[in-house]
Amino acid sequence: MRVTASGLAVAGLLAVSACTAGPAPRADAPGSAPAAADRPAPASAAASPGASGAPVLTVDQAQAALISEADLGVPWTASDGTATWHDGLLKATTAQPDCQRLLDALYADDVAGAPAGPQAVVTLDDGDDAAQLRYQVDASHAAGLDRTLAWLRTLPGSCGRFTAQTTRSGVELVQVADAGLPVLGDARQGLRVTVTWQGSADTDPSTLTLDLAVVRVGDDAIVLTTGALGTLPSDTTGQALGTGVQRLAQVREKGRAQA
């Protein structure tokens with residue numbers, strides 16, 4: 001189902017702040033996620049090799065490992081700004097701690113925690129489907145990423161269905177399911193998050209469908225979120241990850257050869 005501009009009365013498609021490199025983590029998020037104990041210690045781009053033996057990614061290498069609109073094809077383009085459903089439907093609170101941690105992580109674009117080294121981000125829009133994709137490459141630590149992946153695997157059980165109170169739109173129903181990612185990288189986990197808002201006297205009901213994926217490649221991470229009001233574009237997550245994992249592996253191999 002394609003969502004037209006007239007179907008976006010809840011929040012519109014895009015906010016006015018232009019940023020092709022993607023939104024930075026939000027200082028006003030309701031909390032921080034993952035928990036501080038799960039975050040790897042900060043390190044510089046010139047840090048010693050990670051646990052895999054490969055040199056830590058440089059800023060240029062992290063940028064080179066990103067995907068672009070050319071990898072996804074029409075109708076994907078560089079982003080005009082942050083999709084306003086991001087604030088309207090993801091800034092919310094719930095009494096369940098693990099579910100709150102998930103909402104906070106999605107809202108703050110901070111699912112994998114602070115990277116150990118450089119981070120690169122790109123945000124793309126699909127105007128035909130009112131969709132937005134955020135793609136992130138982090139120089140990280142395998143142990144910290146594996147803790148994040150283990151936590152994500154528990155969420156379809158612990159947060160399969162819960163309600164949350166938004167700051168703008170009232171109560172919403174959130175459902176979390178395993179996204180069933182293909183075998184990519186060294187470890188991975190994907191979630192399908194569906195947020196349903198019943199609307200009000202002045203607005204129609206709406207459903208946000210959001211795919212979240214974290215893939216570990218050696219010590220480094222790919223974090224992908226893609227969402228749309230309605231139905232997500234077909235196989236965008238798989239296409240983006242397939243291209244991105246291969247590109248990150250090539251960048252890592254080139255860095256190893258030059259070390």
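Colleague: Let's start in the middle of things. How many bridges join β6 to β7?

Modeller: Bear in mind that we're looking at a predicted model. In it, β6 and β7 run antiparallel. One of the residue pairs between them is Q175 with its bridge partner T194 in β7. The number of bridges joining β6 to β7 is seven.

Colleague: And on to β5: in which sense do β5 and β6 pair?

Modeller: β5 covers residues 161-166, and five bridges connect this strand with β6. Within the pairing, T163 stands opposite L173 of β6. The sense of the β5 and β6 pairing is antiparallel.

Colleague: Which residue in the hairpin of β5 and β6 takes a positive phi?

Modeller: Look at the stretch between the two strands, which is four residues long. The phi in question is near 85°, and the residue that takes it is G170.

Colleague: Just before those strands comes a helix. How far apart are the end C-alpha atoms of helix α5?

Modeller: We can work out what to expect first. Helix α5 runs over residues 142-158, which makes 17 residues, and at 1.5 Å a residue it should span 24 Å. The expected span multiplies 1.5 Å by one less than the number of residues. The end C-alpha atoms agree with that, being apart by 24 Å.

Colleague: What do the buried residues of α5 pack against?

Modeller: The buried residues of this helix include L145, L149, W151, L152 and L155. A142, G144 and T148 are among the buried residues of α5 too. Their packing partners are one helix, α4 (97-108), and the strands β6 (171-178), β7 (187-197), β8 (206-217) and β9 (220-229).

Colleague: Is V121 buried or exposed?

Modeller: You'll find V121 in strand β3, residues 119-126. V137 sits 16 residues away from V121 in sequence, with 6.5 Å between their C-alpha atoms. To count as buried, a residue needs a relative accessible area under 20%. V121 has 12% relative accessibility, so it counts as buried.

Colleague: Now the cysteines. Which residue does a disulfide join to C99?

Modeller: A search through the whole structure turns up one disulfide, with an S to S distance of 2.1 Å. It links distant parts of the chain, 60 residues apart: C99 is in helix α4, and its partner is in the loop between α5 and β5. Both cysteines are buried. The residue joined to C99 is C159.

Colleague: What is the handedness of the link of C99 and C159, left-handed or right-handed?

Modeller: Check the angle about the S-S bond, which is -105°. With that value, the link of C99 and C159 is left-handed.

Colleague: Let's talk charges. Which residue forms a salt bridge with R134?

Modeller: Side chains of opposite charge can pair when their charged atoms come close. For R134, the closest N and O atoms are 3.6 Å apart. R134 lies in strand β4 (residues 131-139) and its partner in the loop between α4 and β3, so the pair ties together parts 25 residues apart in sequence. Both residues are buried, and the partner of R134 is D109.

Colleague: In which helix does R252 lie, the partner of D220?

Modeller: The side chains of D220 and R252 meet in a salt bridge at 2.6 Å, N to O. D220 lies in strand β9, so the pair ties together parts that are 32 residues apart in sequence. D220 is buried with a relative accessible area of 2%, and R252 is buried at 9%. The helix that holds R252 spans residues 236-258 and is α6.

Colleague: How many residues apart are R256 and E253 in helix α6?

Modeller: Their side chains meet in a salt bridge, 2.8 Å from N to O. R256 is partly exposed at a relative accessible area of 35%, and E253 is partly exposed at 46%. In an α-helix, residues three or four places apart point the same way, because there are 3.6 residues a turn. Along α6, R256 and E253 are about one turn apart, and in residues that is three.

Colleague: Stepping back, what share of the residues of the protein chain count as buried?

Modeller: The chain has 259 residues, with a secondary structure of six helices and nine strands. Of its contacts between residues at least 6 apart in sequence, 68% join residues at least 24 apart. The share of residues that count as buried is 51%.

How values were computed:
Residues are numbered from 1 along each chain as its sequence is written. This is a predicted model: local features need pLDDT of at least 70, side-chain atom pairs count only at pLDDT 80 or more; totals for chains, interfaces and linings use all residues. Side-chain values use heavy atoms; hydrogens and water are left out. Buried means under 20% relative accessible area, exposed over 50%, partly exposed in between (1.4 Å probe, protein chains only). Contact means heavy atoms within 4.5 Å. Two strands pair if DSSP finds at least two bridges between them. A disulfide is a pair of cysteine sulfur atoms within 2.5 Å. A salt bridge is a side-chain nitrogen of Lys or Arg within 4 Å of a carboxyl oxygen of Asp or Glu.
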